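Trainee: Please take me closely through one part of this model, and show me how it sits among its surroundings. I would like one connected account rather than a list.

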Amino acid sequence: MSRPDELPGATTPARRLPVTPGALRSLRTRIRPTAGAFPLAKPTWPGTVPRPPVQRTLGTEYDTGWARRYPVRLARVLVQEFVARPAVRAIADPQVSGLDRIAHLEGPVIFAANHASHLDAPLLLSVIPERWRHHLFVAGAADYFFDTRPKAATFAFLLNAVPIERRRVSRDSLRRLTTLLGEGWSMLIFPEGGRTPDGWGQPHSAGAAWLAVRTGRPVVPVHVEGTRRILARGSSKLTPGTTRVTFGRPLAAGTGGDARVLAATVERAVAALADEQTTDWWTAARRAAARTTPALTGPQAPAWRRTWALGERRRRTARAGGRRDGGRWPKASDGRSPRRG
Amino acid sequence: MPRPGFVLEVDRSTPPVLTWHGEGFRLERLPAGRSRVIYAPEPLEPLDDPDQAVRDALLSPLGDSAPLPELLFPRMRLTIAFDDISLPLPPMRRPDNRQRVIEAVLDMAAAAGVDDVVLICALALHRRMTEAELRHAVGDRVYDAFAPHGLLLQHDAEDPDGLVHLGKTDQGEDVEISKRAAESDLLVYVNINLVAMDGGHKSVATGLASYRSLRHHHNVRTMLHSRSFMDQERSELHSSNWRMGRLIAASGVRVFQIETTLNNDTFPEQMAFLQKREWEWTARDRAMYLATTKGLSVTPPRVARSIFQSIKAPHAMTSVHAGEVEAVHRATTEMIYRQQMVHVEGQTDIVILGLPHLSPYNVNSIMNPVLVVCMGLGYLFNMYRGKPLVRAGGVVILSHPTPWAFHPVHHPSYIDFFEEVLADTTDPLQIEKTYEQRFATDEWYRHLYRTSHAYHGVHPFYMWYWAAHAFDHIGRAIIVGGEPRAVRRLGLSPASSLDDALEMATDTVGREPTISHLHLPPIMLADVH
């Protein structure tokens, strides 16, 4: 019989777990050495002693050379072809367009895409034509993908990722990437430097353009749409859906060109591809010619209005593509499947 | 490239500092903002081929000496004297420097057809070495070739038939050394120079001398006028030995001096943390520290002592010089300074010295209370050049368990010195005046010194005199963690912890005193400006 002051459904003291949060805290305190308890804990460094330069082996200093050796490349091809591509197709259902624009290209290429999700890189690796796909490295944020040894090894193996700074790319990184491009490797880079925080794009950094100018290799603008709905930033839940990948016309700067001009051109080209996604090729082309292509970065407005505008754009995209978000089955073919692109 | 010595200014983020405490060690936190820790230079690179270096040194001597082979001839009397168990510390791994050098000398002697060769361990007034200790020093090949035939001797400073009086210096100092050495055609002296005090004319003038000769420089007056023993130019101990050495040379004794230096690689790899800077300790170092300290805390002192005494240092030879005594010693001293010198700015109010388990006089033995004073206030206090690390009237804090314990075979006269002499007075001058002669001429001590493995009857007096300079200079000495009864007998103050000792020191040096902590071992020499 319950006591009168007891709420219905309340746990009686006798039925509570013997391990309370307080007891756990106290146990943790007893087990864990107190802060600064050298020698159980690491010694502190005297403030009067200058620290020696640390030989960094992570971040931009991580050596990814091993991931481009033949046995590793073979293993990666197997993983990409028999695990990653089927998985991406099942989860993201990529609809690819614009491959005809790069069909004539030979040699190393710099693919520069917008970035909305962790899914972008695997998605692009599954749709980039085969002649580049297995001889391509991904420029990955050094501070994110290369901050621990297991992470660095995983991404170096799976994506052939190479570390690069997000914003101000160092000379060492550029030299490393230039060397790889010179050795015949193509590159996939996200010039925004990170995934979009709110769905809108971010200004491009000039790293890709600088490399294009330095190596004389063309930049292929790529627009990816739909990956944020499948795996948004900060989310660990995969929601299968449809994605659209549009390859643009390659942009050549030629050696001696201006990297900043090329970077702006690439940014406008990606925005035009996004416009092409939401409207049609002709509308987008006219707006691009008139320099009235809606910016990828969205309106300069308070957060709610940016989100609101994003919803409006998404509706337009759905109308243009004729698909419902997330709806994949029964699958309606629109003639833009990767097999035919 | 080994790093030079280093003076750490202690701040709030400085980790606790390793402090030796006999057969163990502790981590002690020092007051921030007014303490400094002095770290020894890292071990110098050893010689690539020490045996070849020894041969080269014998063939290219320094000073006005001819190469060794030219000094050797058939039917000559050759005596090879060598340093005893007190060097190096801890004993080095085999092969010992003495073995390398003696074998090279004997190779040349054999090639020259020399038959009359005698080896003498230059004991001075130290205890006789055991067979195992001799084998470790000179190697089995040399021991087996000479000892069974009575040709491997240990110097006897009390043998009336084995000593010869060579005369008196201009200061009236008697020079009496081993007769065999003095009457040889060539005396080769093989040194291991651990500190700047070792070697030079002191090798023969002290190592092969008698009490009658030694008393002229092993006395309170000499110690008070040596600032310090490690600085040859300002050491009365050296001046006296140099006078005697020159008289020995003038008497016709031909000395071919061979001096070797070692790097300060003191501990085996698993105990390497003992000579590392604490903030550079790796996880392995910390684990080794914890395992060692926890293990030692449950180990009986006797067992702990044998564990520590079994440590053989990975010392490696860094130089070898041979030839004329003074030229050789100059080159050697330079190498020692290179390995041990740390430049230090100014004196402090307090010096903290963690004393290890070992001093030159308790190898394979017990570090009794008298040796604690000798090690702390004698040797380590004097590890300076220029000025003492502690200011005049300052405080020296020693850390050592200081047990009321003596090795009855090695240190019989120490027991009586401690029980009888120190119970009466701790004043070195008073002790010297009242008691020295009686102990030095005691027949029982003399017998034990000559036939057993006992230090000479006068030896504890000398150990006490080593500290005379410190007693004269400082205001107070405190021993942390020592047995209070024994510490009080020494005339020092016992403290249960370093914090207590620092608190006690404020009575002498005032509030907020400045502190220096010598991170020993390895041995270092503070060059105080």
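Mentor: Start where the two chains meet. The contact involves 9 residues of chain A and 14 residues of chain B. On the side of chain A that touches chain B, 6 residues are nonpolar and 3 are polar, with no charged ones. Bear in mind that this is a predicted model.

Now the part to look at closely: helix 8 of chain A, which covers residues 207–215. Chain A as a whole has 12 helices and 7 strands, and 35% of its 341 residues are buried. In helix 8 of chain A, the buried residues are Gly207(A), Ala208(A), Ala209(A), Leu211(A), Ala212(A) and Val213(A). To read such a list, recall that an α-helix has 3.6 residues a turn, so residues three or four places apart point the same way. With that in mind, find Ala208(A), Leu211(A) and Ala212(A) among the buried residues.

What do the buried residues of helix 8 of chain A pack against? Their partners in chain A include four strands: strand 2 (110–113), strand 4 (161–164), strand 5 (186–189) and strand 6 (219–225). Helix 7 (171–182) and helix 10 (259–278) of chain A are partners too. Chain A has many such links between distant stretches: of its contacts between residues at least 6 apart in sequence, 73% join residues at least 24 apart. After helix 8 of chain A comes Gly216(A), with a positive phi near 75°.

A pair of helices elsewhere in chain A shows what a helix-to-helix contact looks like. Helix 2 (residues 70–92) and helix 3 (residues 120–127) of chain A have axes that come within 9 Å and cross at roughly 110°. Helix 2 of chain A is therefore roughly perpendicular to helix 3 of chain A, and the crossing is left-handed. Helix 2 of chain A brings Gln80(A), Ala84(A), Arg85(A), Val88(A) and Ala92(A) to the contact, while helix 3 of chain A brings Pro122(A), Leu123(A), Leu125(A) and Ser126(A). By class, these are 6 nonpolar, 2 polar and 1 charged.

Chain B offers a pair to set beside it. The axes of helix 1 (residues 50–59) and helix 3 (residues 97–111) of chain B come within 10 Å and cross at roughly 50°, which means that helix 1 of chain B is oblique to helix 3 of chain B. This crossing is right-handed. From helix 1 of chain B come Pro50(B), Asp51(B), Val54(B), Arg55(B) and Leu58(B), and from helix 3 of chain B come Arg100(B), Val101(B), Ala104(B), Val105(B) and Met108(B). This contact has 7 nonpolar and 3 charged residues, and no polar ones.

Past helix 1 of chain B, in the loop that leads to helix 2 (68–71), lies Ser65(B). Ser65(B) has 19 other C-beta atoms within 10 Å, so it counts as partly exposed. Leaving aside residues up to four places away in sequence, Ser65(B) touches Phe256(B), Gly323(B) and Glu324(B). Its C-alpha atom is 9.1 Å from that of Val325(B), although the two residues are 260 apart along the chain.

Chain B itself has 21 helices and 20 strands, and 57% of its 529 residues are buried. Its radius of gyration is 22 Å, which agrees with the value near 24 Å for a compact globule of 529 residues.

Definitions and conventions
Residues are numbered from 1 along each chain as its sequence is written. Chains are lettered from A and ligands numbered from 1 in the order in which they are written. This is a predicted model: local features need pLDDT of at least 70, side-chain atom pairs count only at pLDDT 80 or more; totals for chains, interfaces and linings use all residues. A residue is buried if 20 or more other C-beta atoms lie within 10 Å of its own, exposed if 12 or fewer, and partly exposed in between; C-beta atoms are placed from the backbone. Helices (H or I, at least four residues) and strands (E, at least two) are DSSP runs, numbered from the N terminus. Two residues are in contact if their C-beta atoms, placed from the backbone, lie within 7 Å. Ala, Val, Leu, Ile, Met, Phe, Trp, Tyr, Cys and Pro count as nonpolar, Asp, Glu, Lys and Arg as charged, and the others, Gly among them, as polar. The radius of gyration is taken over C-alpha atoms; the globule rule is 2.2 Å times the number of residues to the power 0.38. Axes are lines fitted to C-alpha atoms, for helices over the stretch in contact, and angles run from 0 to 180 degrees between N-to-C directions. Angles under 35 degrees count as roughly parallel, over 145 as roughly antiparallel, 65 to 115 as roughly perpendicular and the rest as oblique. A crossing is left-handed if the near helix is turned anticlockwise from the far one by less than a right angle, and right-handed if clockwise.
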